[in-house]
Amino acid sequence: MKLYKKIGILGGMGPEATAELYREIIRIFQKKYGAVYDNDFPEMVILNLPLPDVVENLESDYEIKRVLDYGIKKLISAEVDFIAVPCNTATAFIIDDVFFVNIIAETIKIIKDQKLKKVGILATRTTIGSGLYQKLLKDIKLLIPDSNDQEKITKIIMNILSGEKSSEDKNLLCSMISNMKINGAEKVILGCTELPLLYKGEDTIDTLAILANAVVKRAITKII
C-alpha cells in the first residue's frame, strides 16, 4: 500500500462540484501515476457540508463561518493531513492557509506561471466582493462583470446547483467570456466551481481542475 497523505475534502458547496473534484483526483492518479488497484489511490474523507447560501449571500457571515468551523473540526477529528475546499466563495471565509490547499491562491500561482497580464473573472458576487482575487493578483489587470452580467452569472450558478445545465446558459456564459476577451482578457477565471460543469475551454482558467492538481501534488508526498 502506498502511503499518501490523507485528504480531507470539505465539500457540498455545491455537491456536484465536490463530486467532480473527487473524480478529477481519481483521474489524475490514473493518468499521471498509473493507479489501477484500490490501494494505488490515497485515503480521502469527503464531508458534504450543508452550508448556508453563499451564492446569493442570503445568510450572515457569522453563520457561514460557524458551519465551516464545524465542518473543519469534523475533518480534523477524522485525522486528515490537509483540507481542500472546492468552493471559491467559501474560501473567502477561511483564514488558515497552512492546513488548507487554497483554491484561490493556487489559481493565482497558475496565472502568474502563465505570465498573463490581463484576465477576467466570473464568480459569485461574494467572491468578487471579498477582494481576494484583486488583492492577490496585484499587478495583473482583472476584469469583473458589471451588475447586469453579475445577475446573469448568479442565475446560471443557481441553475447548475439545481441540476439544470441548459444550452441557453452555456451560450450566455460563453458570450460573457467572449466579451471579456474582446476587452483584452487573455483568459477568464471560472471563479465558481459550478461553472466548469457547464463550460470550460482554452479561453478559461478552471479553478476546480487547478485545485484537483494541487491536492494530488500535496497528497503524493509520502509519509515516512
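User: How many salt bridges does the rule find across the interface of domain 1 and domain 2?

Analyst: This is a predicted model. The domain assignment gives domain 1 as 7-103 + 210-219 and domain 2 as 105-206. In contact across the interface are 20 residues of domain 1 and 25 residues of domain 2. Between the two domains, the number of salt bridges found is one.

User: Which three residues supply 36% of the area that domain 1 buries against domain 2?

Analyst: The C-alpha centres of the two domains are 20 Å apart. Together the domains bury about 1800 Å², with 58% of it on carbon and sulfur atoms. On the domain 1 side, no other three residues supply more than Val55, Asn88 and Ile210.

User: Which helix gives the most residues to the largest nonpolar core?

Analyst: That core has 37 residues, and Ile25, Ile111, Val119, Ile189 and Val215 touch the most other members. Several elements supply at least two residues each, including β1 (7-11), α1 (15-33) and α4 (103-113). With eight residues, the top contributor is α9.

User: Where does this core lie relative to domain 1 and domain 2?

Analyst: Look at who supplies the residues. Domain 1 (7-103 + 210-219) gives some, and domain 2 (105-206) gives some too. The core therefore lies between them.

User: Which residues does valine 215 touch, leaving out those up to four places away in sequence?

Analyst: Val215 is one of the core residues that touch the most other members. With sequence neighbours up to four places away left out, its partners are Ile7, Ile25, Phe82, Ala84 and Val101.

User: Is aspartate 149 buried or exposed?

Analyst: Aspartate 149 meets lysine 152 in a salt bridge, 3.8 Å from N to O. Both sit in helix α7 (residues 147-161), three residues apart, about one turn of the helix. Lysine 152 is partly exposed at 31% relative accessible area. Aspartate 149 has 18%, and the cut-off is under 20%, so aspartate 149 is buried.

User: What is the N to O distance between arginine 66 and glutamate 63?

Analyst: Both residues lie in helix α2 (residues 61-77), three residues apart, about one turn of the helix. Arginine 66 is partly exposed, at 41% relative accessible area. Glutamate 63 is partly exposed too, at 22%. Their side chains meet in a salt bridge at 2.7 Å.

User: Which residues form one aromatic cluster?

Analyst: The structure holds four aromatic pairs. One cluster is formed by Tyr4, Phe29, Tyr33 and Phe41.

How values were computed: Residues are numbered from 1 along each chain as its sequence is written. This is a predicted model: local features need pLDDT of at least 70, side-chain atom pairs count only at pLDDT 80 or more; totals for chains, interfaces and linings use all residues. Side-chain values use heavy atoms; hydrogens and water are left out. A nonpolar core is a set of buried Ala, Val, Leu, Ile, Met, Phe, Trp, Tyr and Cys residues joined through side-chain atoms within 4.5 Å. Buried means under 20% relative accessible area, exposed over 50%, partly exposed in between (1.4 Å probe, protein chains only). Helices (H or I, at least four residues) and strands (E, at least two) are DSSP runs, numbered from the N terminus. Domain bounds come from an automatic or database domain assignment. Contact means heavy atoms within 4.5 Å. Rings of Phe, Tyr and Trp (its six-membered ring) pair if their centres lie within 6.5 Å; planes under 30 degrees apart count as stacked, over 60 as edge-to-face and the rest as tilted. Buried area is the accessible area (1.4 Å probe) that two parts lose on being put together, summed over both. A salt bridge is a side-chain nitrogen of Lys or Arg within 4 Å of a carboxyl oxygen of Asp or Glu.
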